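I opened my notebook to follow a few helices and see what they pack around. Here is what I looked up, entry by entry.

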Amino acid sequence: MSPLKQNRSNDRNKDVRDQILRAAKELFAKKGYEGTTVRQICHEANVSLALVSYHFGGKENVFFEVFQPIRQLFENMKYDLSDSLGALKSFCRQFVIFRNEESELVSILQQELVMNSPRLEMLTDVFLPSWEQLRLILQECQEKNLIDFPSVDVAVNFIMGTLMFSHNNAFLNRTQSEMSPEQVADFAVNFIINGLQATSEQGKR
């Protein structure tokens with residue numbers, strides 16, 4: 001095959017893979033993993049069953065591949081721990097903006113966590129890098145006495161819970177938010193920083 005034909009073939013394959021992944025992400029977010037079939041993915045992507053098998057081998061592999069944007073995000077996020085408070089703000093802001101851009105992906109992750117899904121083990125490379133990055137940042141902040149909190153583990157879980165929550169949930173939010181994603185990100189950062197800096201005595205008031 002000539003280089004030109006090879007490039008065209010590669011482009012077609014990439015387009016088909018992207019179609020399948022977009023369709024799968026939408027369906028997994030709406031119906032969950034168990035409620036989504038390969039046939040539904042094919043119908044939504046307008047491709048044949050054979051193409052899903054050819055490119056991915058099955059639904060489980062499609063599910064695993066859907067999360068590649070999250071893996072890439074945390075591979076590319078680097079923080080200067082010498083400015084640990086700045087690193088914390090940057091982490092939170094980037095996560096909220098990503099949450100807005102990839103709301104379906106984070107919704108799928110929330111479903112898997114709530115269900116304590118058997119697939120969580122295959123998603124450790126999706127979950128753990130963000131948790132560990134945040135843990136390192138918080139430990140550095142604590143060692144430098146920049147923020148006050150009694151437990152790194154509890155702080156990590158509360159922060160990630162705040163960052164993963166969608167302010168766009170139509171059921172809980174009956175009116176449309178007028179805030180931009182950047183404004184929401186800034187609000188989240190201030191909310192988290194102020195919460196961490198509150199002392200236990202202040203929290204009782």
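A word on classes before I start: I count Ala, Val, Leu, Ile, Met, Phe, Trp, Tyr, Cys and Pro as nonpolar, Asp, Glu, Lys and Arg as charged, and the others, Gly among them, as polar. I also keep in mind that this is a predicted model.

**Entry 1: the cavity**

I searched for cavities of 30 Å³ or more and found 1. Its volume comes out at about 70 Å³. Which residues line this cavity? I listed Ile70, Phe74, Phe95, Phe98, Val106, Leu109, Val126, Phe127, Ser130, Trp131, Met160 and Met164. The elements that each give two or more residues to this lining are H5, H6, H7, H8 and helix H9 (152-164). I noted that H8 gives the most, with 4 residues. Sorted by class, the lining has 11 nonpolar residues, 1 polar and no charged.

**Entry 2: helix H5**

Two of the lining residues, Ile70 and Phe74, sent me to H5, which spans residues 68-76. There I found Ile70, Arg71, Leu73 and Phe74 buried. Why do I say that they line one face of the helix? Seen down the axis of H5, the buried residues fall within an arc of 160 degrees, so one face holds them. I was glad to recall the general rule here: an α-helix has 3.6 residues a turn, so residues three or four places apart point the same way. On the other side of H5, I found Glu75 and Asn76 exposed. I then asked which helices the buried residues of H5 pack against. They pack against H4, helix H6 (84-101), helix H7 (103-114) and helix H8 (124-143).

**Entry 3: helix H4**

Since H4 is one of the packing partners of H5, I turned to H4 next. In H4 (residues 59-66), the buried residues are Lys59, Val62, Phe63 and Val66. Their arc around the axis is only 100 degrees, which puts them on the same side of H4.

**Entry 4: Ala24**

Val62 and Val66 came up again when I looked at the contacts of Ala24. Ala24 sits in helix H1 (residues 3-31). Is Ala24 buried or exposed? Its relative accessible area is 0%, so I put Ala24 down as buried. Leaving out residues up to four places away in sequence, I found that Ala24 touches Ile41, Val62 and Val66. I also checked Ala24 against Thr36, 12 residues apart along the chain, and their C-alpha atoms are separated by 8.2 Å.

Note on methods. Residues are numbered from 1 along each chain as its sequence is written. This is a predicted model: local features need pLDDT of at least 70, side-chain atom pairs count only at pLDDT 80 or more; totals for chains, interfaces and linings use all residues. Side-chain values use heavy atoms; hydrogens and water are left out. Buried means under 20% relative accessible area, exposed over 50%, partly exposed in between (1.4 Å probe, protein chains only). The arc is that of the directions from the helix axis to the C-beta atoms. Contact means heavy atoms within 4.5 Å. On a 1 Å grid over the protein atoms alone, a cavity is a set of points where a 1.4 Å probe fits but cannot get out, and a pocket is an open set with protein on both sides within 12 Å along at least five of seven lines; lining residues have an atom within 4 Å of a point. Grid points are joined across faces, edges and corners, and a volume is the space filled by probe spheres set on the points.
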